[in-house]
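Subject: Structure for you, with notes

Hello,

Here is the structure I said I would pass on. Please open it beside this message as you read.

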Amino acid sequence: IAQPDLGLKFIKAFTITLPPIELQRAFRRRIDSVSDTRRKMMRSLSGLDTLFASLQHRAFAGEL
C-alpha cells in the first residue's frame, strides 16, 4: 500500500454499495448484446475489407 496510514483495519471498514441483482443482470444483458453486435460488425468489416482488396486488385490489373 502506498499510504502508510491506510491499514487493513481501515480498508475492512469500507462499505461497498452494490446495485440490486436484477439491475446487474440487466446491465450484463446489455453488455452481451453490445458485444454480440460488435462481433457481427467486425466480421462484416473483415468481409468488406476482403471485397475492397479484390476490387482494388481488379481495378489496378485493368479488369474493370
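Below is what was found, from the whole chain down to single contacts.

Overall form

Please keep in mind that this is a predicted model. The secondary structure of the protein chain amounts to two helices and zero strands. Along the principal axes, the C-alpha atoms fill a box of roughly 75 × 35 × 10 Å. A compact globule of 64 residues would be expected to have a radius of gyration near 11 Å, whereas this protein chain has 26 Å. Buried residues account for 0% of the 64 residues. The accessible surface comes to about 6,400 Å², and carbon and sulfur atoms hold 63% of that.

The two helices

Helix 1 covers residues 8-12 and helix 2 covers residues 21-60. How far apart should the ends of helix 2 be, at 1.5 Å a residue? The expected span for its 40 residues is 58 Å, and the end C-alpha atoms are 58 Å apart, so the two values agree. Just after helix 2, glycine 62 has a positive phi of about 75 degrees.

For a sense of how the two helices are placed, take lysine 12 in helix 1 and arginine 28 in helix 2. These two residues are 16 apart in sequence, and their C-alpha atoms are 28 Å apart in space. Lysine 12 has a relative accessible area of 65%, so it is classed as exposed.

Around helix 1

A nonpolar patch lies on the surface here, formed by Leu8, Phe10, Ile11 and Phe14, with about 400 Å² of accessible area together. Phenylalanine 10, which sits in helix 1, counts as partly exposed because its relative accessibility is 46%.

The search of the whole structure turned up one aromatic pair. Its rings are those of phenylalanine 10 and phenylalanine 14, with centres 5.3 Å apart and planes at 70 degrees. Why is this pair edge-to-face? Planes over 60 degrees apart count as edge-to-face, and the planes of phenylalanine 10 and phenylalanine 14 are at 70 degrees.

Salt bridges

How many salt bridges does a search of the whole structure find? It finds four, and three of them are described here, one by one.

Arginine 28 and aspartate 32 meet through their side chains at 2.9 Å, N to O. They are four residues apart in helix 2, so about one helical turn separates them. An α-helix has 3.6 residues a turn, so residues three or four places apart point the same way. Both partners are partly exposed: arginine 28 has a relative accessible area of 47%, and aspartate 32 has 35%.

The side chains of arginine 39 and aspartate 36 form another salt bridge, at 2.2 Å, N to O. Here the spacing is three residues in helix 2, again about one helical turn. Arginine 39 is partly exposed at 45% relative accessible area, as is aspartate 36 at 37%.

Arginine 58 and glutamate 63 also meet in a salt bridge, at 4.0 Å, N to O. Arginine 58 is partly exposed, with a relative accessible area of 38%.

Regards

How values were computed: Residues numbered from 1 in each chain as written. Predicted model: local features only at pLDDT ≥ 70, side-chain atom pairs only at ≥ 80, totals over all residues. Heavy atoms only, no water. Patch = residues over 30% accessible without salt bridge, like charges linked within 9 Å, V, L, I, M, F, W, Y side chains within 5 Å. Areas by Shrake-Rupley, 256 points an atom, 1.4 Å probe, with all protein chains shown as cover. Buried < 20%, exposed > 50% of the residue type's maximum accessible area, 1.4 Å probe, protein only. Expected span 1.5 Å × (residues − 1). Phe/Tyr/Trp six-rings, centres within 6.5 Å; stacked < 30°, edge-to-face > 60°. Rg over C-alpha atoms; globule rule 2.2 N^0.38 Å.
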